[in-house]
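Colleague: I'm new to reading models like this one. Could you walk me through it, one feature at a time?

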Amino acid sequence: MTTKAPPDILGIIAGNGVYPRLLADAARKAGVEKIIAAAFTNETDPVLAQHVDVIEWMRIGQLNRLLKFFNEHKVHYGIMAGQIAPKNLFDLRPDLKALLLLGKRKQRNAESIFAAIAD
């Protein structure tokens, strides 16, 4: 059995709770050299900034900003960790890219939306 080396750069789309921090710590321990986090205002624990190399704060729904941020930092591998509280989805202000993504979904539930973002 062969094991694959960890990526040099990992992007974390950080929701709330402890999972983004735990993921960052585990990635660092596994040998990831640079950890980039997209954090969400009123969701992500600010303590995450102490566990990653770069963090950018944005609002939920700013998909184009998230993609641009990851592209600027050459993120090719990303993972979502933590949840987004349902109450914050009512304050969603999607950008044009997010609106187009939502418009193409036949189903608009959490699973289909997050799968589309991951794609």
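Colleague: Let's begin with K74: is it buried or exposed?

Modeller: Exposed means over 50% relative accessible area, buried means under 20%, and partly exposed is in between (1.4 Å probe, protein chains only). K74 has 56% relative accessibility, so it counts as exposed. One thing to keep in mind: this is a predicted model, where local features need pLDDT of at least 70, side-chain atom pairs count only at pLDDT 80 or more, and totals for chains, interfaces and linings use all residues. Residues are numbered from 1 along each chain as its sequence is written, and side-chain values use heavy atoms, with hydrogens and water left out.

Colleague: Where along the chain is K74 found?

Modeller: For that you need the elements: helices (H or I, at least four residues) and strands (E, at least two) are DSSP runs, numbered from the N terminus. K74 sits in the loop between α2 (63-72) and β4. Its phi is near 55 degrees, a positive value in a residue other than glycine.

Colleague: What about N42, and which loop holds it?

Modeller: N42 lies in the loop between β2 and β3 (54-58). Here too phi is positive, about 65 degrees, although N42 is not a glycine. With 66% relative accessibility, N42 counts as exposed.

Colleague: How many helices and strands does the chain have?

Modeller: There are five helices and four strands. Starting at the N terminus, you read them as β-α-β-β-α-β-α-α-α. Of the 119 residues in the chain, 31% are buried.

Colleague: Now the strands. How many bridges join β1 to β2?

Modeller: The general idea is that two strands pair if DSSP finds at least two bridges between them. Six bridges link β1 to strand β2 (residues 34-40), and the two run parallel. To see one of these on screen, find G11, whose bridge partner in β2 is I36. β1 also runs parallel to strand β4 (residues 78-81), joined by four bridges. In that pairing, I12 stands opposite I79 of β4.

Colleague: Why is β1 described as largely enclosed?

Modeller: Five of the six residues in β1 (residues 9-14) are buried, so the rest of the structure largely encloses this strand.

Colleague: What do β1, α1 and β2 make together?

Modeller: They form a right-handed β-α-β unit, with helix α1 covering residues 19-30. Right-handed means that, with the strands pointing away from the viewer, the path from the first strand over the helix to the second runs clockwise. R28 lies in that helix, α1, and is partly exposed at 32% relative accessible area. Its C-alpha atom is 9.6 Å from that of L10, with the two positions 18 residues apart along the chain.

Colleague: And where is V32 placed?

Modeller: V32 is in the loop between α1 and β2. This residue is buried, with a relative accessible area of 5%. V32 and P7 are 25 residues apart along the chain, yet their C-alpha atoms are separated by 5.9 Å.

Colleague: How many aromatic pairs does the structure hold?

Modeller: Rings of Phe, Tyr and Trp (its six-membered ring) pair if their centres lie within 6.5 Å; planes under 30 degrees apart count as stacked, over 60 as edge-to-face and the rest as tilted. This structure holds one aromatic pair. The ring centres of F69 and F70 are 5.8 Å apart and the planes meet at 35 degrees, so the pair is tilted. Both partners are buried: F69 has a relative accessible area of 2%, and F70 has 8%.

Colleague: Last topic, empty space. Which residues line the largest cavity?

Modeller: Rolling a probe the size of a water molecule over the atoms shows where empty space is left. A cavity is a set of points, on a 1 Å grid over the protein atoms alone, where a 1.4 Å probe fits but cannot get out; lining residues have an atom within 4 Å of a point. Grid points are joined across faces, edges and corners, and the volume is the space filled by probe spheres set on the points. There is one cavity of 30 Å³ or more, and the largest cavity holds about 50 Å³ of space. Its lining is G15, G17, P20, R21, T44, D45, V47 and L48.

Colleague: How does that lining split by class?

Modeller: Three residues are nonpolar, three polar and two charged. Here Ala, Val, Leu, Ile, Met, Phe, Trp, Tyr, Cys and Pro count as nonpolar, Asp, Glu, Lys and Arg as charged, and the others, Gly among them, as polar. Take V47, which is placed in the loop between β2 and β3. V47 is partly exposed, at 33% relative accessible area. From V47 to V18 is 29 residues in sequence and 9.6 Å in space, C-alpha to C-alpha.

Definitions and conventions: 1 Å grid on protein atoms, 1.4 Å probe; cavity = no way out; pocket = protein on both sides within 12 Å on 5 of 7 lines; lining within 4 Å.
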